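Me: I would like to learn how to read a structure step by step, beginning with one chain and then moving to the place where two chains meet. Could you take me through it slowly?

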Amino acid sequence: MLHVAAEGFVEKRNKSKPRDQARATAGNQARPVVETPLQLFLRLSSVLTAERSLPADLVEAYFKRAQQNLGPKLDVLLDRFGALLAAGNRNLIDIVRDEILASPDHGPVAKTVLLLWYIGGIQNAAGDWEMQSADQYYGALVWEAIGAHPPTLSNGYFGHWKYPVER
Amino acid sequence: MDTSKSRIAARDSFDVVIIGAGVAGALVAHVLSQKGVRVLLLEAGESGGERRDLVLRYAAATFKGLGTAYAASSPDKIPGPEQPADEKDLKVARDAYYDQQGPEKYLSTYERRVGGSTWHWLGHTPRNLPNDFRLRTEYNVGVDWPIGYADLEPWYCKAEAELGVAGDDSEWQNVHGAFRSAAFPMAKIWPSWSDLQFARALKDAPIEGERLVVLSTPSARNSQEYDGRPPCAGNASCVPICPIGAKYDASVHVKKATANHAELRERSVVTSLRVDRDGSVHRVEYKKWDGTTGAVSGRVVVVAANAIESAKLLLLSASDEVPNGVANSSDQVGRNLMDHLQKAVLASSREPTFPFRGPPSTSGIENFRDGRFRERRGAFRLSVGNDGWSRNGSPYNDVARLVQTEGLFGEELRTRLFHDVSRQVRVSCSVEVLASPDNRVQLSALRDSFGIQRPEIHFATDDYTRAAFGPALDVITAILRAIDATPLVVDRNPLNYSGAGHVMGTCRMGFDKTKAVVDPDCRSYDHRNLYIIGGSTFPSCGTANPTITISALALRAANHILATLPQIPAGPVERAK
């Protein structure tokens, strides 16, 4: 699975990811270049999730899904995010916290994107997390975050559950 | 075609016709086919796709229920309590099938497919205790079984070998007097880190004056390669599906039986058993998913559906000869429906327990499964979970709470998630239910989508069961205190419980043919070439998960069939012209 790294991502987690096969890196400094909505989506996703690299197929799938689900609100969010990036030298985490998540307009949109990454689904009106594919179920970030794995795929050996999770 | 008048071709006549390819039917088919007996397995459901495809279907589904992986290719042809009439909510599917007459709802369900509900069982195989077989004698409640623990013990050993049970011999020798004459086929499933914390905390902290012992739960789940299946890799999904077949399911013995030339006819819903003038039952009629009908004949017929489907079939088979239904001169068919009723307490521990890893439960506490208290109230078994608060929607709900309510993201979100979820624990109780003639399965006036009368279910808990919840919750609360865990909530309403999926009763065995459906060999008192096997024959339910007892009884019945088959005449078989 191809992983892509977002530009300007400043927090590098000291963690190996066995599913990584390739990474596209572009440095950590924000650069005043015109980025596509997909690139902005990736950069925003990376800050929201603290994942330095994200699977390329899921980036594209989630971008499309977010577009379908959020419509123009996503465009507006990404435009704003792009403008904040272009404006200069603020820390990306501060930008996302203060200007995006704290915004009554952009916050709910960004949270939907974040939850999509963590859960692999978008919550519908009935409160259910709608999933679209097995890849998205297995790619949900929550499992690794809690020191576990998606049910039905441990990649583990007999008895690994006897030992504490090391962090 | 009116099958009741049709002749049965030689190719449709068998030594033994078994109805139901779940664990009981599969084991009997395996044993008999090994001895060259000509066996037919009739199964209402289908085999379905490859395990890998079932797992992927589950993974991709929004609603991950018990039946998600097993949705039939034509759900309308195999209506059941887990077929997704409404995929979103299992309760909707359940009550679209059961005609629930109350006063309480019967909560447990089952899977109608080749291999039956063992596809999504947890795999736990504790045996019944000696006193579970003699409730009336010891405690003056319920009824005694017509067999005792010692009678069944050798068959428990054989069943453990067939299913492949992992357990600890030193822990399980003589628990409440349940002696073991053979070692477990393989070493125990390792306890979880969480189990070890519970065991450590309880070691020197007696509760209600009693030292609680955390025991590894015997499980039909491989701790090493066994019977061609791999060891458990801790995929944390025994329920609803083991992705690698490390956990036993009855498709194992269906395959063994068919390899021995037993015939399997799936998608064949049995609609009637016909009684001959001499009182024997040979003719079995069924309806296929394609709408055609069929009829077969067996020298011996074995009803091995489950406690609801077996009773339903016997009642459906009423005729002029047997107006109350087949095997029902005692009027006990359908009565005494049981389940184990459960309550789970979720809590947050001070130290991490690292849930969501390994089988959903690997240890339990057996202290309260027997004692003089059973004169007054039900026994209970406690299980310690490795599945956090999954029953409350964790970990998805935790992410949603931290993001939407607390506004967390990035590393802070990751840190808090790990902190909160890694401390989630669960302890559950599973409470004994007494048999009651009023808890029963009858035929509903409503029909299912395949045109067959649905099971009408009457169910209520009594004071004996309700009185067990309080002490169970007291013990659970004390245990949680001992491990320094804070419960989310302790719901003491005795009407708020969940089912265990342990469908039992409805065709009870006994000594007295006026009060029982089958004899100690699971043979019908009314029709001596008819056997009824499965959890339906349990006269009482104790606190043990029923599958290993179902299996032991099935192997014992198979042995009896082998012994009696030579004396049983062939049925009214005519060669096809």
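Reply: What follows is a walk through a predicted model, from chain A to its contact with chain B and then to the cores.

Me: What pattern of helices and strands does chain A follow along its sequence?

Reply: A useful start is to list the elements in order, and in chain A the secondary structure comes to seven helices and five strands. Read along the sequence, these run as β-β-α-β-α-α-α-α-β-β-α-α. Of the 167 residues in chain A, 53% are buried, and among its contacts with a separation of 6 or more, 55% join residues 24 or more positions apart.

Me: How many residues of each chain are in contact where chain B and chain A meet?

Reply: One begins by counting the residues on either side, and here 52 residues of chain B are in contact with 51 residues of chain A. Together the two chains bury about 4300 Å², of which 67% is on carbon and sulfur atoms. Three residues, B:Y396, B:F409 and B:R414, supply 19% of the area that chain B buries against chain A, which is more than any other three residues.

Me: How many salt bridges and polar contacts should I look for between the chains?

Reply: The count is one salt bridge, and there are eleven residue pairs in polar contact, both residues having pLDDT 80 or more. On the side of chain B that touches chain A, the elements giving two or more residues are α2 (51-60), α7 (193-203), α10 (396-405) and α11 (410-421) of chain B, and α11(B) gives the largest share, with seven residues. By kind, the residues on that side of chain B divide into 33 nonpolar, 13 polar and six charged. As for the salt bridge, the side chains of B:R414 and A:E51 meet in it, at 2.6 Å from N to O.

Me: Is A:T49 buried or exposed, and what does A:T49 touch?

Reply: For a single residue, it helps to ask where it lies, how much of it is accessible, and what surrounds it. A:T49 lies in helix α1 (residues 37-49) of chain A, and A:T49 is called buried because its relative accessible area is 0%, whereas the cut-off for that word is under 20%. A polar atom of the A:T49 side chain lies 2.7 Å from the backbone oxygen of A:S45, and a polar atom of that side chain also lies 3.2 Å from the backbone nitrogen of A:E51. Leaving out residues up to four places away in sequence, A:T49 touches residues of both chains, including A:L54, A:W117, B:G410 and B:R414.

Me: Which residues of helix α8 of chain B are buried, and what do they pack against?

Reply: An α-helix has 3.6 residues a turn, so residues three or four places apart point the same way. In α8 (residues 251-259) of chain B, the buried residues are B:S251, B:V252, B:H253, B:V254 and B:A257. They pack against α1 (23-34), β2 (39-42), α2, α5 (149-163) and β5 (263-265) of chain B. Just after α8(B), B:H261 takes a positive phi of about 80°.

Me: Which residues touch the most other members of the largest nonpolar core?

Reply: In soluble globular proteins, nonpolar side chains tend to be buried together. Here the largest nonpolar core has 129 residues, and B:V16, B:L273 and B:L314 touch the most other members. Apart from that core lies another, of 66 residues, among them A:V59, A:I119, B:A59 and B:V403.

Key: Residues are numbered from 1 along each chain as its sequence is written. Chains are lettered from A and ligands numbered from 1 in the order in which they are written. This is a predicted model: local features need pLDDT of at least 70, side-chain atom pairs count only at pLDDT 80 or more; totals for chains, interfaces and linings use all residues. Side-chain values use heavy atoms; hydrogens and water are left out. Contact means heavy atoms within 4.5 Å. Buried area is the accessible area (1.4 Å probe) that two parts lose on being put together, summed over both. A salt bridge is a side-chain nitrogen of Lys or Arg within 4 Å of a carboxyl oxygen of Asp or Glu. A polar contact is a pair of N or O atoms within 3.5 Å; within protein, one must be able to donate a hydrogen and the other to accept it, and residues adjacent in sequence count only if both atoms are side-chain atoms. Helices (H or I, at least four residues) and strands (E, at least two) are DSSP runs, numbered from the N terminus. Ala, Val, Leu, Ile, Met, Phe, Trp, Tyr, Cys and Pro count as nonpolar, Asp, Glu, Lys and Arg as charged, and the others, Gly among them, as polar. A nonpolar core is a set of buried Ala, Val, Leu, Ile, Met, Phe, Trp, Tyr and Cys residues joined through side-chain atoms within 4.5 Å. Buried means under 20% relative accessible area, exposed over 50%, partly exposed in between (1.4 Å probe, protein chains only).
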